[in-house]
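These are my notebook entries on a structure that is new to me. I set down what I looked up, entry by entry.

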Amino acid sequence: MHIPDGFLSPPIIIITFAITFIFWAIAFKRVGGKLDEHKVPLMGLLTALFFAAQMVNYPIIGGTTAHLLGGAALGIILGPFAGGISMTIILVLQAFLFGDGGLTALGANVLNMGIIGVVIPALLVLTLNKITKGKGLLIWVFIAAFVGDVLAAIFAGVELGLSQPVFQYGLNIAVPAMAINHSVIGVIEGVVTAVLIGTLLKLRPDVLNKSSILKDLPTVKASQEKKEL
Amino acid sequence: MLNLSKKDKQMLAIGLTLATIFVILGVLVFSYSMETLEVQAEELGAQESNLYQAPFPDYMIPGFENEAGSILLGILSTLAIFGVALGVGALLKKSKFSE
């Protein structure tokens, strides 16, 4: 879902960079000085893991390929702001070292995959868990990861659709085109994210209990107590 | 310095092994990339331009464009990103960014 150079018009480039800089300022302020000691290695590990996972391109419909984003997992495990910073590290290094995603599109790519794709799923899981008191956690994780991927694609569609005259077509074509195909990717992202959270719930519930999104959730606490027995 | 428990060290070892497996799979089996976004954007009239020449285009080492080179580059990049993220995390932990 990395937008390369040449796809976006100058106003869209400026707006997306502006939003991204505002997010970074807020994220660094929110996380700064408050990052739990145990989250530092976890942040390093998850950033490296999802960078590597993004190298795996699996085939989907119409001869095209896709890869995991990992945004939902980062947002849910590290929290929306630390998760956003983590995804930003991946996107910046991919753009500068490998030309994966354009430099002029870096603001848009961070907005789509590092903000929308991370913050929205994290907040969705937080809200759904509050409503249901944590019942059906893995279903909410699946839905949140799916929504995160599809919304990131819709945002990319909006940015492309508004980038006229670079594009011949407007929002009415660009947005549905992005959303429909990326819904397949969203399902796979949802399954993988739910499996990852489910595995951590079984093996390392203490990691999830330190997450600002899942902290003190009855399901997570019960799993941690069971593990400590 | 990081103060890691045995369980955390185990998790790091498992995670980095998994990352290495992803790199190897990504190079040997799932390397063909035709991203949906790029295909659709080009169908809709956009054209990619090369404003910047990355040092390792398409995850390859120039002059060493084979699978072994890409696996080595992928593993070294994964470790580098692990290091960068650890560094950023450590900076954030004792950060001066907060109020």
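**Entry 1: one residue as a starting point**

I note at the outset that the model is predicted. I began with A:Ala82, which I found in helix H4 of chain A, a helix made of residues 80-98. Is A:Ala82 buried or exposed? I counted 29 other C-beta atoms within 10 Å of A:Ala82, and 20 or more are needed for a residue to be called buried, so A:Ala82 is buried.

I then asked which residues A:Ala82 touches, not counting those up to four places away in sequence. They are A:Val31, A:Leu35, A:Lys39 and A:Met43. I also looked up the separation between A:Ala82 and A:Pro59, which are 23 residues apart along the chain. The C-alpha atoms of A:Ala82 and A:Pro59 are separated by 31 Å.

**Entry 2: chain A as a whole**

I next listed the elements of chain A and recorded nine helices and two strands. Read from the N terminus on, their order is α-α-β-β-α-α-α-α-α-α-α. The C-alpha trace of chain A spans about 65 × 40 × 30 Å along its principal axes.

I compared the radius of gyration of chain A with that of a compact globule. For 229 residues such a globule would have a value near 17 Å, and the 18 Å of chain A agrees with this. Of these 229 residues, 58% count as buried.

I also looked at contacts in chain A between residues at least 6 apart in sequence. Of these contacts, 71% join residues at least 24 apart.

**Entry 3: two helices of chain A**

I took up H2(A), residues 39-53, and checked its span. Its 15 residues should cover 21 Å at 1.5 Å a residue, and the end C-alpha atoms are 20 Å apart, which agrees. As for burial, 15 of the 15 residues of H2(A) are buried, and the helix is mostly covered.

I then turned to H5(A), which has 27 residues, 106-132. From its first C-alpha to its last, H5(A) reaches 37 Å, close to the expected 39 Å. Where is the kink in H5(A) centred? I located it at A:Ile116, with a bend of about 30 degrees.

In H5(A), 21 of the 27 residues are buried, so the helix is largely enclosed by the rest of the structure. A:Lys133 follows H5(A) and has a positive phi, near 55 degrees.

**Entry 4: the nonpolar core**

I looked up the largest nonpolar core and found 92 residues in it. Those touching the most other members are A:Leu46, A:Ala48, A:Ala52, A:Ile76, A:Val125, A:Val141 and A:Ala156. The largest share of this core comes from H5(A), with 14 residues. As background, I recall that nonpolar side chains tend to be buried together in soluble globular proteins.

I followed A:Val125 further and listed its contacts, not counting residues up to four places away in sequence. A:Val125 touches A:Ile76, A:Trp140, A:Val141, A:Ala144 and A:Ile213.

**Entry 5: chain B and its side facing chain A**

I recorded three helices and zero strands in chain B, and the elements run α-α-α from the N terminus on. Chain B has 99 residues, of which buried residues make up 22%.

How many residues of chain B are in contact with chain A? I found 58, and they meet 61 residues of chain A. Helices H1 (6-28), H2 (36-43) and H3 (67-93) of chain B each supply at least two residues of the side that touches chain A. H3(B) gives the most to that side, with 13 residues. By class, the side of chain B that touches chain A has 34 nonpolar, 17 polar and seven charged residues.

**Entry 6: two positive phi values in loops**

I bear in mind that most residues other than glycine have a negative phi. I found that A:Asp216 has a positive phi, near 65 degrees. A:Asp216 is in the loop between helix H8 (205-209) and helix H9 (218-228) of chain A. With 8 other C-beta atoms within 10 Å, A:Asp216 is exposed.

I found a positive phi of about 55 degrees at B:Asp58, which is not a glycine. B:Asp58 is in the loop between H2 and H3 of chain B. Is B:Asp58 buried or exposed? I counted 12 other C-beta atoms within 10 Å, and a residue with 12 or fewer is called exposed, so B:Asp58 is exposed.

Methods: Residues numbered from 1 in each chain as written. Chains lettered and ligands numbered in written order. Predicted model: local features only at pLDDT ≥ 70, side-chain atom pairs only at ≥ 80, totals over all residues. Helix = DSSP H or I, 4+ residues; strand = E, 2+ residues; numbered from the N terminus. Rg over C-alpha atoms; globule rule 2.2 N^0.38 Å. Contact = placed C-beta atoms within 7 Å. Nonpolar A, V, L, I, M, F, W, Y, C, P; charged D, E, K, R; others polar. Expected span 1.5 Å × (residues − 1). Bend = angle between axes of the 7 residues up to and from the residue. Core = buried A, V, L, I, M, F, W, Y, C linked by C-beta atoms within 7 Å.
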